[in-house]
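Open the model in your viewer and keep the sequence panel visible. The stops below are meant to be taken in order.

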Amino acid sequence: LRNYVELGVDLTQAAHATSLVPARVIGVANDMGSIEVGKLADFAVLDAGTLAVAETVVGGVSLYRRAA
């Protein structure tokens with residue numbers, strides 16, 4: 001994601017290219033690749049300015065949260 005953004009790709013397009021597109025390619029887009037009701041809740045929350053990982057959520061449970 002960061003590489004796409006550093007190349008000048010819009011953050012929304014970069015997120016799509018690094019999540020939903022790969023899920024479609026490997027045939028799992030019904031279960032993952034975007035945040036929707038009924039899909040697996042595995043995702044990372046990124047700092048808007050640095051794109052550093054601020055929190056990770058796996059199976060709907062927060063497993064890591066960076067100290068504020």
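The tour goes from the whole chain to the strands and then to a patch on the surface.

**Whole chain.** Start with the cartoon of the full protein chain, bearing in mind that this is a predicted model. Three helices and three strands are present, in the order α-α-α-β-β-β from the N terminus. The C-alpha trace spans about 30 × 30 × 15 Å along its principal axes. Buried residues account for 13% of the 68 residues. Among contacts with a separation of 6 or more, 11% link residues 24 or more positions apart.

**S1 and S2.** Select residues 43–46, which form strand S1, and add residues 53–58, strand S2. The two strands pair in the antiparallel sense, with four bridges. To see one of the pairings, show Val45: its bridge partner in S2 is Glu55. S1 and S2 form a hairpin with six residues between them. In that turn, pick Leu51, whose phi is positive, about 65°.

**S2 and S3.** Keep S2 and add residues 61–65, strand S3. S2 and S3 run antiparallel and are joined by four bridges. Return to Glu55: on this side it stands opposite Arg65 in S3, while Val45 is its bridge partner on the S1 side. The hairpin of S2 and S3 has two residues between the strands. Gly59 lies in the turn, and its phi is positive at about 60°.

**The nonpolar patch.** Switch on the surface and select Leu46, Val53, Val58, Val61, Leu63 and Tyr64; together they make a nonpolar surface patch of about 500 Å². For the chain as a whole, the exposed area is about 5000 Å², with carbon and sulfur atoms supplying 60% of it. Which strand gives the largest share of the patch? S3 does, with three residues. S2 and S3 each supply at least two of the patch residues.

**Leu46.** Finish by centring on Leu46, a patch member located in S1. Is Leu46 buried or exposed? Leu46 is in between: it counts as partly exposed because its relative accessibility is 31%, and that class lies between the under 20% of buried residues and the over 50% of exposed ones. Patch residues need over 30% relative accessible area, so Leu46, at 31%, is above that cut-off.

Definitions and conventions:
Residues are numbered from 1 along each chain as its sequence is written. This is a predicted model: local features need pLDDT of at least 70, side-chain atom pairs count only at pLDDT 80 or more; totals for chains, interfaces and linings use all residues. Side-chain values use heavy atoms; hydrogens and water are left out. Patches are made of residues with over 30% relative accessible area and no salt bridge: like charges are joined within 9 Å, nonpolar side chains (Val, Leu, Ile, Met, Phe, Trp, Tyr) within 5 Å. Accessible areas come from the Shrake-Rupley method with a 1.4 Å probe; for residues, only the protein chains shown count as cover. A salt bridge is a side-chain nitrogen of Lys or Arg within 4 Å of a carboxyl oxygen of Asp or Glu. Buried means under 20% relative accessible area, exposed over 50%, partly exposed in between (1.4 Å probe, protein chains only). Two strands pair if DSSP finds at least two bridges between them. Contact means heavy atoms within 4.5 Å.
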